[in-house]
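Here is a friendly note to read alongside the structure. It goes point by point, so please keep the model open as you read.

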Amino acid sequence: MKRTLLSFIVIMFISSIVLAACSQKQQEPEPPKESSDANQEQAEDPASFDPLGKYETPVTITQVLSYRPPEEQDALKGVTPETNAYLKDLKEMMNIDLKYLWSVPMDQYAEKFSLSIASGDLPDMMMVDQATFLNFVRQGLVADLSEVYENYASPTLKRVIESDGGLALQATTVDGKVMGLTTSFQSAVQLAYIRADWLKNLNLPVPKTMEEFEAVAEAFVKNDPDMNGENDTYGFAMNKNFLVGAWAFDARGIFYSHQSYPGGWIKGQDGTLLPGEIQPGTKEALTKLQDWYKRGIIDREFALKDENKVSEDIVAGRVGITLGEWWVPNWPLNLSKDNNPNAEWIAVPLPEVGGESAKTLISPTLNAIMVVNKKYKQPEVAVKLANYYLEMRKPKYIDKSSPDYKGADSGYIYNWFEPRFIYPNYLDDAFIAVNEALDKGQTDIQIPEDFLAAGEAAQFFNESKKFMDNKKDNAAWGFYYSRVAKEGGFGLSKKALDDKQFIQNEFYGTQTPTQLERGGSLNKLMAETFTKIVMGEDIDQFDKFVESWKTLGGNDITDEVNEWYKGK
């Protein structure tokens, strides 16, 4: 599962690092072209304001789409984003034609969208990150959604958006006008995933400390953990984006273990906010990674591999430890088990350093923001698309035992539909409800439809039962172990949060002026310097990096962040 999650993951996780990097890629857009849809002049009867109301004549809305393979292994073959069954039902239910100006795989989206911005060839509705949102608002390119949100957003959509106490709505309100719609979320807890069968083969305990973690990783390099008689494994999975823009198979957790929080703003002893990337723990973490690289614990070719290439190593059984978030069992660990039925993976907390438990950096942030082209005459259509998605996530549509079931095996690919507004607490609420039902030995789960995580709870329960009925179903295992198992991905993440084993990122405002102007170049400097250090450059280059970071805009950013902090 790539950041549904992930959709994995390019837009979903908008930390200060990612936003700054994105802002450098944005170009000053030209005014958008007039939509060619002749039906735009049609206006729906204002008296109805029906969130799911059907238009009398067809209405067209255009989008662009970044997509990844369906999560579901039973997805109907041959389906494309353009033939997604959700679009067919949308047309039948609401008489809305959703058309894509273009659709591309995730790794091609950023470049393609930048070209669209530069040319002014923008669709009617877009999902954008926070930096792009601010640029579009400043350029006057997006519509005011205040009235259409008030009039057309379904009660469910409003509950989902406003469930965070108003944080998301406040973030997209400019000068009293709602210029976009989104939901907020907290970044996920980092965990370590380890090949338990390799531990058994080498008679090694589950590691808890950094020293134990390192010993296991080195044994996975030198002691033939897969027992195939070949020197073909390495210990720790890490890709070239191991810190800046990281979303999977990276090294963030190693920095967290050393009390280093790059991209985060941590409260210092004097009460001011400090940038995580230039603190002493960062140098300690880099020293550790450099040592691992020298000893072959880290793949010598990590700087040439992106997340997909590293996932291939995991699936092929070439690496025994990876860091990641709750969803990793759902992709690619399930595929690892498909490839090797003997592969066993366990989730464990990040390793302790100096007797201190590792604490993940948790950042309140935003999902992708829905905006509507100012030239589009019927902005309420975009809001109704959001209503439609939430309607389709009701249990009767995603419960495989329901006669109304609409699943991937019938061509319904949910992660190809936009906009998707995600209830911030869906994992937590569904986890509790499903585990209560499983603990009681229930054969089914009854949840009212107004429970905001109702659809997810039904899906979680069904997949859990499926795994319990067939322990060789690796797709069901991935779903269960990521979302439901108490010792699995979300189970351990929830425990860490409940036990307050995390560090709060204290800055969650919009990017400061200097972040917008120089954040991208500072992150590029950090990525290049840290990669060189890991690969053997003198560790004292870190001290030079700190001084450069400060003089090239870091000090100004620090002042601006603390000014925001004083006034929040």
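**Notes on helix packing and a sheet**

1. H11 and H20 are oblique to each other, because angles count as oblique when they are not under 35 degrees (roughly parallel), over 145 (roughly antiparallel) or 65 to 115 (roughly perpendicular). Their angle is about 45° and their axes lie 8 Å apart, with H11 covering residues 280–294 and H20 residues 513–534. Axes here are lines fitted to C-alpha atoms, for helices over the stretch in contact, and angles run from 0 to 180 degrees between N-to-C directions. Helices (H or I, at least four residues) and strands (E, at least two) are DSSP runs, numbered from the N terminus.

2. Before going further, a word on the source: this is a predicted model, in which local features need pLDDT of at least 70 and side-chain atom pairs count only at pLDDT 80 or more, while totals for chains, interfaces and linings use all residues. Residues are numbered from 1 along each chain as its sequence is written, and side-chain values use heavy atoms, with hydrogens and water left out.

3. Which residues of H11 and H20 meet? From H11 come Thr282, Leu286, Leu289, Gln290 and Tyr293, and from H20 come Phe530, Ile533 and Val534, where contact means heavy atoms within 4.5 Å. This contact of H11 with H20 has six nonpolar, two polar and no charged residues. The classes are as follows: Ala, Val, Leu, Ile, Met, Phe, Trp, Tyr, Cys and Pro count as nonpolar, Asp, Glu, Lys and Arg as charged, and the others, Gly among them, as polar.

4. Two further residues of H20 deserve a look. Thr531 lies in this helix and counts as buried because its relative accessibility is 18%; buried means under 20% relative accessible area, exposed over 50%, and partly exposed in between (1.4 Å probe, protein chains only). Leaving aside residues up to four places away in sequence, Thr531 touches Phe242, Phe302 and Ala303. Ser521 is also found in H20, and at 39% relative accessibility Ser521 counts as partly exposed. Ser521 and Trp549 are 28 residues apart in sequence, and their C-alpha atoms are 9.6 Å apart in space.

5. Next, please find H16 (residues 426–439) and H17 (residues 454–469), whose axes come within 9 Å and cross at roughly 45°. H16 and H17 are therefore oblique to each other. Their crossing is right-handed, meaning that the near helix is turned clockwise from the far one by less than a right angle (anticlockwise would be left-handed). On the H16 side, the contact is made by Tyr426, Leu427, Ala430, Val434, Ala437 and Leu438, and on the H17 side by Glu456, Ala457, Phe460, Phe461, Ser464, Lys465 and Met468. By class, the residues of this contact are ten nonpolar, one polar and two charged.

6. H16 also packs with H19, at an angle of about 105° and with the axes 11 Å apart. That makes H16 roughly perpendicular to H19. Leu427, Asp428, Phe431 and Ile432 in H16 meet Phe490, Gly491 and Lys494 in H19. Four nonpolar, one polar and two charged residues make up this contact of H16 with H19.

7. Now for the sheet: four strands form an open sheet in the order E8-E11-E7-E12, with mixed pairing. Two strands pair if DSSP finds at least two bridges between them. E8 (234–236) and E12 are the edge strands, each pairing on one side only. Direction ignored, neighbouring strands are turned by 20° against each other on average. H19 (residues 489–498) packs on this sheet and touches E7 and E12, its direction making about 145° with that of E7.

8. How is E7 (residues 191–195) placed, enclosed or not? Five of its five residues are buried, so this strand is largely enclosed by the rest of the structure. Leu191, Tyr193 and Arg195 are on one side, with Ala192 and Ile194 on the other. E7 runs antiparallel to E11 (residues 319–324), joined by four bridges; Ala192 stands opposite Leu323, and the partner of Leu191 is Gly324. E7 also pairs with E12 (residues 345–348) in the antiparallel sense over four bridges, where Arg195 has Trp345 as its bridge partner.

9. Last comes H2 (residues 85–94), in which Ala85, Tyr86, Leu87, Asp89, Leu90 and Met94 are buried. These buried residues pack against strand E2 (96–105) and helix H14 (380–392). Just after H2, Asn95 takes a positive phi of about 60°.
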